[in-house]
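Colleague: Could you pick one part of this model and take me through it slowly, explaining each term as it comes up? I would like to see how that part sits within the whole.

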Amino acid sequence: MLQRKDVVVFGITGLAVVAAAVLHFTGANEVLRFVVAAAALSLLAMNVSSGTEHVGEHLNAGATGVLQSALGNLPELLVCAFSLRAGLVQVVQAALIGSILGNSLLVLGLAIFVGGIKHGRQTFDAESPRMIVSLMMVAVAAFSIPTLAAELHTPASTHEVPLSAACAVLLLVVFFASLPFSLSSDPERSLRHAAPAQVASDHWPLALAVTVLVLASAGAALVSEWFVEALEPAIKALHISQAFAGLVVVAIAGNAVENVAGIRLAAKNRPDYAMSVILNSSLMIALVVAPALVLVSFVLGGPILTLVLPPLLIAALLLTTLTSAIIVNDGETIWIEGVALVGLYAIIAAAFWWG
């Protein structure tokens, strides 16, 4: 059943998209176009997430997992694809790493902080988070090897394009191999059983869920192009670096609103599901979105995206993954750990302010 809050969200999203369109086609101030397009993109990301979730209620667990993996990070994928076509490789590289950092540090930190302040020490089943951070270490290795080969001038350094393509294919293979485990430990299922009355009242008809998903996806495709067109002039007008814009601004615009769900779940004392939502979003960026963009870049007509990244991005990714692994390893969190994660995110973001 469609709730009043859903109607409000649809209305605000529609107004934001219309405003972004008017500003885009009238050639308004580039910073205003950028801000409004970012807001519209964030709202569309939330609607894509909601549509995916409600379509999944009509499918079995396996089909739901595939759907969420394919569409959950659609806005980020579209923004990065349009940025690649525009030649903004540095923005794309920073945005991919920034999405992972935003989830694993900023969003996870806020979730732990809010949950800890409200409920004290929170405990969760550590098996699934441990598996996720283990797969993240594999992704870190896949990003690091081409970068190290280039920095150390090994024989592979002259073959960074095929090496990156090979790493991308292998990351996708790892993702598909991990699906059976991920789908067998579905905290969402236990959440549905724990609150059947709430789920029943929030249930959308399949036709409505598909319509929302299709319209939000189409809107995300349009707004992503407008967002990218306003991005470069806005960067110049605001005097910020491409690296900072990608790492913080682009990553948050396409990703943060979707993961507010993780913070809400931690506030409701459901840390198992919160951990799964937040950490799996990072994993999807590393194992699906980034490799897919490497392969898609061969046909976009712009520069080829490789996994040869600035060493500071690799160091930030490694620090993020190791810190997340340490925090989730014992299956419990306290609020000060959330503060530490948010603090690390701020330190990394500050390091990229100048480029």
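Modeller: Let us begin with the whole chain, where residues 24 or more positions apart account for 85% of the contacts with a separation of 6 or more, a contact being heavy atoms within 4.5 Å. Please keep in mind that this is a predicted model, in which local features need pLDDT of at least 70 and side-chain atom pairs count only at pLDDT 80 or more, while totals for chains, interfaces and linings use all residues. Residues are numbered from 1 along each chain as its sequence is written, and side-chain values use heavy atoms, with hydrogens and water left out.

The chain has 14 helices and two strands; these are DSSP runs numbered from the N terminus, with helices (H or I) of at least four residues and strands (E) of at least two. Of its 355 residues, 51% count as buried, which means under 20% relative accessible area, whereas exposed means over 50% and partly exposed lies in between (1.4 Å probe, protein chains only).

The part I have picked is helix α12, which spans residues 271-296. Within α12 lies A286, and A286 is buried because its relative accessible area is 0%. If we leave aside neighbours within four places in sequence, A286 is in contact with I100, M136, A139, F143, L171 and P291. The C-alpha atoms of A286 and V138 are separated by 9.4 Å, although these two residues are 148 apart along the chain.

Next comes the largest nonpolar core, a core being a set of buried Ala, Val, Leu, Ile, Met, Phe, Trp, Tyr and Cys residues joined through side-chain atoms within 4.5 Å. This core has 107 residues, of which L96, L101, F227 and L293 touch the most other members, and α12 gives the most to it, with 15 residues.

Helix α12 also has a share in the surface, where V161, V169, V173, L295, V296, F298, V299 and I304 make a nonpolar patch of about 610 Å². Such a patch joins nonpolar side chains (Val, Leu, Ile, Met, Phe, Trp, Tyr) within 5 Å, like charges being joined within 9 Å, and its residues have over 30% relative accessible area and no salt bridge, that is, no side-chain nitrogen of Lys or Arg within 4 Å of a carboxyl oxygen of Asp or Glu. The areas come from the Shrake-Rupley method with a 1.4 Å probe, and for residues only the protein chains shown count as cover. Both α7 (160-184) and α12 give two or more residues to this patch, with α7 giving the most, three residues. I304 lies in the loop between α12 and α13 (311-329), and I304 is partly exposed, since its relative accessible area is 32%.
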